[in-house]
Amino acid sequence: MQILKKTDNHYVVRLDPGEEILTKIEEFCKKENVKIGSAVGLGAINRVTIGLFDTNKKVYRKKELVGPMEITSLVGNISTKDGETYLHFHINVCDEDMNIHGGHLNEAWVSATAEIAITALEGTIEREYSEEIGLNLYKF
């Protein structure tokens, strides 16, 4: 990952072929001490694992897609859980047949490039596990 531009609390970064998006964003957050923020992006990938949270069973169902894909939308937020970086991202991708697939992002591997804009905010927001919901929710 390369930081291409930084202005106040905004960063523009580029990921290169073979890099995994969430791993690189987490590394970036630790290096730049980003505890809360948001990110948007696009790019090209060749492997992604997406998920859907089953609210009845309180588990994620996962699906891996392999092949050339365009990221048509990457959105996410940055927070902390137990003081550590916590990323929550969703992704939509377009496959070779122009079908859109999307959901909770578990991992995505860059095939050409990924261009991501990250906005860092002041302070922190912690997450904690909710037994009732089955997810790590913002703790206010």
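A salt bridge is counted here where a side-chain nitrogen of Lys or Arg lies within 4 Å of a carboxyl oxygen of Asp or Glu. By this criterion the structure, which is a predicted model, holds seven salt bridges. The strand pairing is described before these contacts.

## Strand pairing

Strand S6 (residues 100-120) pairs in the antiparallel sense with strand S2 (residues 10-15) over six bridges. Within that pairing, tyrosine 11 has isoleucine 118 of S6 as its bridge partner. S6 also pairs with strand S3 (residues 37-54), again in the antiparallel sense and over 13 bridges; here glycine 41 stands opposite isoleucine 116 of S6. A further antiparallel pairing, over five bridges, joins S6 to strand S5 (residues 84-94), and valine 93 stands opposite histidine 101 of S6.

Strand S4 (residues 59-81) runs antiparallel to S3, to which 16 bridges join it. Glycine 43 faces isoleucine 71 of S4 across this pairing. S4 and S5 pair in the antiparallel sense over 11 bridges, with asparagine 77 standing opposite histidine 88 of S5. The pairing of S4 with strand S7 (residues 126-130) is parallel and comprises two bridges; lysine 81 has arginine 127 of S7 as its bridge partner.

In a regular strand the side chains alternate between the two faces of the sheet.

## Hairpins

Three of the antiparallel pairings are closed by turns in which a residue adopts a positive phi, as tabulated.

| Hairpin | Residues between strands | Residue with positive phi | Phi |
|---|---|---|---|
| S3 and S4 | four residues | lysine 58 | near 60° |
| S4 and S5 | two residues | aspartate 82 | about 55° |
| S5 and S6 | five residues | methionine 98 | about 65° |

## Salt bridges

Side chains of opposite charge can pair when their charged atoms come close. Arginine 47 takes part in a salt bridge with glutamate 64, in which the closest N and O atoms are 3.4 Å apart. This pair links distant parts of the chain, since arginine 47 belongs to strand S3 and glutamate 64 to strand S4, 17 residues apart. Arginine 47 also meets glutamate 107 in a salt bridge, at 3.9 Å from N to O. That second pair likewise links distant parts of the chain: arginine 47 in S3 and glutamate 107 in strand S6 are 60 residues apart.

Are the residues of these two contacts buried or exposed? Arginine 47 has a relative accessibility of 31% and therefore counts as partly exposed. Glutamate 64 is partly exposed at a relative accessible area of 46%, and glutamate 107 is partly exposed at 24%.

Another salt bridge joins the side chains of aspartate 82 and lysine 81, at 3.3 Å from N to O. Aspartate 82, the residue with a positive phi in the S4 and S5 turn, is exposed because its relative accessible area is 63%, the cut-off for this class being over 50%. Lysine 81, whose bridge partner in S7 is arginine 127, is partly exposed, with a relative accessible area of 23%.

Salt bridges also link Glu19, Lys24 and Glu27 in a network.

## Residues that recur

Two residues appear under more than one heading. Lysine 81 is both a bridge partner of arginine 127 in S7 and a salt-bridge partner of aspartate 82. Aspartate 82 lies in the turn of the S4 and S5 hairpin and carries the other side chain of that salt bridge.

Technical notes
Residues are numbered from 1 along each chain as its sequence is written. This is a predicted model: local features need pLDDT of at least 70, side-chain atom pairs count only at pLDDT 80 or more; totals for chains, interfaces and linings use all residues. Side-chain values use heavy atoms; hydrogens and water are left out. Two strands pair if DSSP finds at least two bridges between them. Buried means under 20% relative accessible area, exposed over 50%, partly exposed in between (1.4 Å probe, protein chains only).
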